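Colleague: Can you take me through the charged pairs in this one, and then one of the helices?

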Amino acid sequence: MVLRDDIRNGDLQKVKVHFENRNIDVNFKSSYCQETAFFVACQCGKLDIIEYVLANERELNVLRKNYRKKSPLEIAKINSKSPRLGSEKNENQTKQRQKGCTSIIKLLEEYQTDPKNVKVRLRKKLNLNGTVL
């Protein structure tokens, strides 16, 4: 799926285009891993994308589990400590992913406790207009 590739590449502008297209199912699960694009962002440590997705008006299932019974939060925890992934070209990319995953962990824990306030804070941070659903 193109959305997943854009997330892996960290292309926030393209991710925004996907989320603005109401014809795209942002909760689409891959048939193999049962993971949504949100899982990919958590796995890759893409904090800016996670912030945008959580702030977005589209309804997202952040508690869904994959075929291994892991949630996006658990995926971020695993990847905050995992060594270099095959797609990472150097140690710096690994450290960036690990740091991003650590920040995602904190954000998702906050979101699970108080989603509306996290959404409001993120919408303000990202200058997104409109009301929070």
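Modeller: What follows covers salt bridges first and helix 7 after that, and the model is a predicted one.

Colleague: How many salt bridges are there in the whole structure?

Modeller: A search of the whole structure gives 7.

Colleague: Start with R123. Which residue does R123 meet in a salt bridge?

Modeller: E57, with 3.5 Å from N to O. The two lie in distant parts of the chain, 66 residues apart. R123 belongs to helix 7, residues 115-125, while E57 is in the loop between helix 4 (47-55) and helix 5 (72-79).

Colleague: And is R123 buried or exposed?

Modeller: R123 counts as buried because its relative accessibility is 6%, and the cut-off for buried is under 20%. E57 has a relative accessible area of 31%, so E57 is partly exposed.

Colleague: What about K77, which residue is its partner?

Modeller: K77 pairs with E109, and their closest N and O atoms are 3.7 Å apart. This pair also links distant parts of the chain: K77 sits in helix 5 and E109 in helix 6 (residues 91-113), with their positions 32 residues apart. K77 is partly exposed at 37% relative accessibility, and E109 is partly exposed with a relative accessible area of 37%.

Colleague: Where does K14 come in, what does it bridge to?

Modeller: K14 forms a salt bridge with D11, where the closest N and O atoms are 3.9 Å apart. K14 is partly exposed at 45% relative accessibility; D11 is partly exposed too, at 25%.

Colleague: Switching to helix 7. Which of its residues are buried?

Modeller: V118, K119, L122 and R123. They cover an arc of only 130° around the axis, so they are on the same side of helix 7.

Colleague: Why would residues three or four places apart point the same way?

Modeller: Because an α-helix has 3.6 residues a turn.

Colleague: What covers those buried residues of helix 7?

Modeller: The cover includes helix 4 and helix 6.

Colleague: And which exposed residues are on the face turned away from the buried side?

Modeller: On that face, helix 7 carries K116, K124 and K125 as exposed residues.

Colleague: Last one. After helix 7, is the phi of N127 positive or negative?

Modeller: Positive, near 55°; N127 follows helix 7.

Colleague: Fine. Give me R123 in short.

Modeller: R123 is one of the buried residues of helix 7, and its side chain meets that of E57 in a salt bridge.

Methods. Residues are numbered from 1 along each chain as its sequence is written. This is a predicted model: local features need pLDDT of at least 70, side-chain atom pairs count only at pLDDT 80 or more; totals for chains, interfaces and linings use all residues. Side-chain values use heavy atoms; hydrogens and water are left out. A salt bridge is a side-chain nitrogen of Lys or Arg within 4 Å of a carboxyl oxygen of Asp or Glu. Buried means under 20% relative accessible area, exposed over 50%, partly exposed in between (1.4 Å probe, protein chains only). Helices (H or I, at least four residues) and strands (E, at least two) are DSSP runs, numbered from the N terminus. The arc is that of the directions from the helix axis to the C-beta atoms. Contact means heavy atoms within 4.5 Å.
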